[in-house]
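Grab a pencil and open the viewer. Here are a few exercises, each with a solution you can follow step by step.

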Amino acid sequence: MAENQTRTNDRFTLIDERDGKRYQRPLLHGTLGPPAIDIRNFYGEAGVLTYDPGFTSTASCKSAITFIDGEEGVLLYRGYPIQELATQSDYMEVCYLLLYGELPSPEEKAEFVNDIKRHTLIHDQLMHFFRGFTRAAHPMAIMVGVVGALSAFYHEDTDIYDPEQRMLAAYRIIAKMPTIGAYAYRYTIGRPFVYPRNDFSYAENLLYMTFSVPSEEYRPDPVLVRALDRILILHADHEQNASTSTVRLAGSSGANPFACISAGIASLWGPAHGGANEAVLKMLMEIGDKRRIPEYIARAKDKNDPFRLMGFGHRVYKNYDPRAAIMRETCYEVLEALGHEDDPLLELAMELEKVALQDEYFIERKLYPNVDFYTGIVLRAMGFPTRMFTVLFAIGRTVGWVAHWKEMISDPESKIGRPRQLYVGAPQRPFVPMEKRPAPGHRTWSRFWGGGEK
Ligand code: SDX
């Protein structure tokens with residue numbers, strides 16, 4: 001709409017058909033994307049709630065960080081297209097952009113990179129937390145625990161209502177995630193931790209702390225460094241996804257930011273969200289051969305089969321996820337650089353994508369590959385075990401989580417998140433003394449595991 005064009009009747013009117021009452025609500029317009037009906041205090045006025053499980057049609061907040069146009073497959077970080085950032089910028093610059101809202105000058109970037117480097121070490125006592133886990137622990141379980149534990153180390157000097165201390169908390173968590181992620185992996189394989197190196201870039205350090213062997217000189221391959229940096233850029237933010245909304249909701253109570261990021265990690269771990277990259281690799285390994293693709297496509301379409309095509313579909317994108325397209329190109333680059341250009345998994349993934357995108361079921365539901373479909377193939381080729389894939393997603397997404405946390409805390413309209421519900425339980429009823437209760441058929445579950453604590 002042209003700026004000078006006034007919006008006439010820029011509102012919605014809801015009519016309660018039970019008594020004919022009309023409730024007018026203004027439309028809120030953002031810079032881009034659909035407007036929103038302002039239903040704040042609608043319950044107070046109309047005495048009814050709105051029902052939207054999964055928030056398919058609900059704007060939970062205003063945000064200036066990331067914009068997604070799902071129909072067109074557009075993704076902008078602070079207005080800059082993801083394709084241009086992934087090919088012309090680097091992850092540190094994107095972190096600065098997401099935190100400050102503008103691209104840095106050369107001096108600002110140099111200072112930011114140097115500041116982040118100064119926070120990559122973790123407290124020596126925090127190292128002991130890893131030892132509490134079994135060696136078989138999933139690295140994401142370790143991430144949830146150790147990142148949450150940071151709230152014990154940064155509690156007194158984290159006044160979240162002081163902008164300086166909010167930014168310091170942001171720097172600290174962005175800087176420490178690669179260290180914690182690399183240590184989570186090394187602990188599970190019994191390899192000693194190595195300290196971050198201040199002469200390495202962010203992605204270089206992550207590869208170094210993950211794969212280096214003590215007593216050997218290790219300099220990560222520049223092609224892998226560039227690919228990992230790009231992967232981190234692609235995962236940096238994605239507006240109000242499940243894990244970011246988790247961080248916002250946890251933070252809305254005034255909780256410690258490190259504890260909020262730990263909650264975001266927990267949410268990301270799910271296979272419907274960030275855990276999908278690990279699930280895609282397992283799915284491709286299970287399919288194994290192009291000849292079995294029709295069998296798995298049929299299973300994905302079968303409502304009686306819980307199997308879904310992992311790495312496919314998205315709540316917002318009803319077009320090709322722009323990150324998936326960039327990931328596919330990165331796949332080629334990395335596999336070619338490593339001499340694995342004929343990686344059978346990539347061929348299988350490409351064939352699976354081709355078959356699915358020609359199938360009416362996927363076309364009708366606008367199910368396209370998402371960011372997770374190709375990521376696992378690249379990460380596996382780089383030497384990461386599948387259990388580390390979501391850890392890398394979490395490392396990349398940390399800047400998005402903390403940028404949204406900062407935006408939420410400083411938003412004057414922000415309130416503690418407290419949704420309502422449609423209650424479908426028992427109506428009020430009087431207590432029944434034990435002797436008058438019917439003998440049910442053993443509702444308790446303990447008989448399944450032989451009673452007592454599992
Ligand atoms: C991420 O939100 C974000 O931005 C997330 C993310 C980010 O950067 O933060 O982009 C990262 O989480 C990407 C998504 C990774 N997850 C997967 O790849 C798991 C597989 N995908 C699905 O589980 C699913 O597509 C979701 C969870 C991603 C989206 O689910 P929705 O929006 O709730 O959609 P839905 O389950 O209502 O599906 C609509 C229809 C259903 O069929 P019908 O009931 O209409 O007949 O599409 C079907 C679904 O059964 N469907 C699939 C499918 N995804 C949806 N059928 C087979 N395979 C699939 N992958």
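**Exercise 1.** Find the bridge partner of Leu 27 in β3.

*Solution.* Step 1: look along β3, where Leu 27 is bridged to Ile 37. Step 2: check the strands themselves; β2 (residues 21-28) and β3 run antiparallel and are joined by two bridges. That is enough to call them paired, since DSSP must find at least two bridges between two strands. Strands here are DSSP runs (E, at least two residues) and helices are runs of H or I with at least four, numbered from the N terminus. Step 3: zoom out to the open sheet, whose three strands come in the order β1-β2-β3 with antiparallel pairing. Its edge strands, β1 (11-16) and β3 (36-37), each pair on one side only.

Before you go on, a word about the numbers: this is a predicted model, in which local features need pLDDT of at least 70 and side-chain atom pairs count only at pLDDT 80 or more, while totals for chains, interfaces and linings use all residues. Residues are numbered from 1 along each chain as its sequence is written, and side-chain values use heavy atoms, with hydrogens and water left out.

**Exercise 2.** Work out which strands stand at the edges of the sheet β4-β5-β6, and why one side of each lacks a neighbour.

*Solution.* Step 1: note that this open sheet has three strands with antiparallel pairing. Step 2: β4 (66-69) and β6 (80-81) each have a single partner strand, so one side of each has no neighbour in the sheet. Step 3: follow β4 to β5 (residues 74-77); four bridges pair them in the antiparallel sense. One of the bridged pairs is Asp 69 with Val 74. Step 4: look at the hairpin of these two strands, with four residues between them, where Gly 73 takes a positive phi near 70°.

**Exercise 3.** Decide whether Thr 66 is buried or exposed.

*Solution.* Step 1: locate Thr 66 in strand β4. Step 2: recall the cut-offs: buried is under 20% relative accessible area, exposed is over 50%, and partly exposed lies in between (1.4 Å probe, protein chains only). Step 3: Thr 66 has a relative accessible area of 10%, so it's buried. Step 4: compare the faces of β4: Thr 66 and Ile 68 are on the covered one, Phe 67 and Asp 69 on the uncovered one. That fits a general pattern: in a regular strand, side chains alternate between the two faces of the sheet. Step 5: find the polar contact of 2.5 Å between the side chains of Thr 66 and Asp 237. A polar contact is a pair of N or O atoms within 3.5 Å; within protein, one must be able to donate a hydrogen and the other to accept it, and residues adjacent in sequence count only if both atoms are side-chain atoms.

**Exercise 4.** Do the same for His 273: is it buried or exposed?

*Solution.* Step 1: look in the loop between α11 (257-268) and α12 (276-287). Step 2: the relative accessible area of His 273 is 16%, so His 273 is buried. Step 3: its side chain makes a polar contact of 3.3 Å with the side chain of Asn 241.

**Exercise 5.** Find out how many residues surround the ligand.

*Solution.* Step 1: count residues with a heavy atom within 4 Å of the ligand; you should get 24, with His 238, His 314, Arg 315, Arg 323 and Arg 397 the closest. Step 2: check two side chains: an N or O atom of Arg 315 is 2.7 Å from a ligand oxygen, and one of Arg 397 is 2.8 Å from a ligand oxygen.
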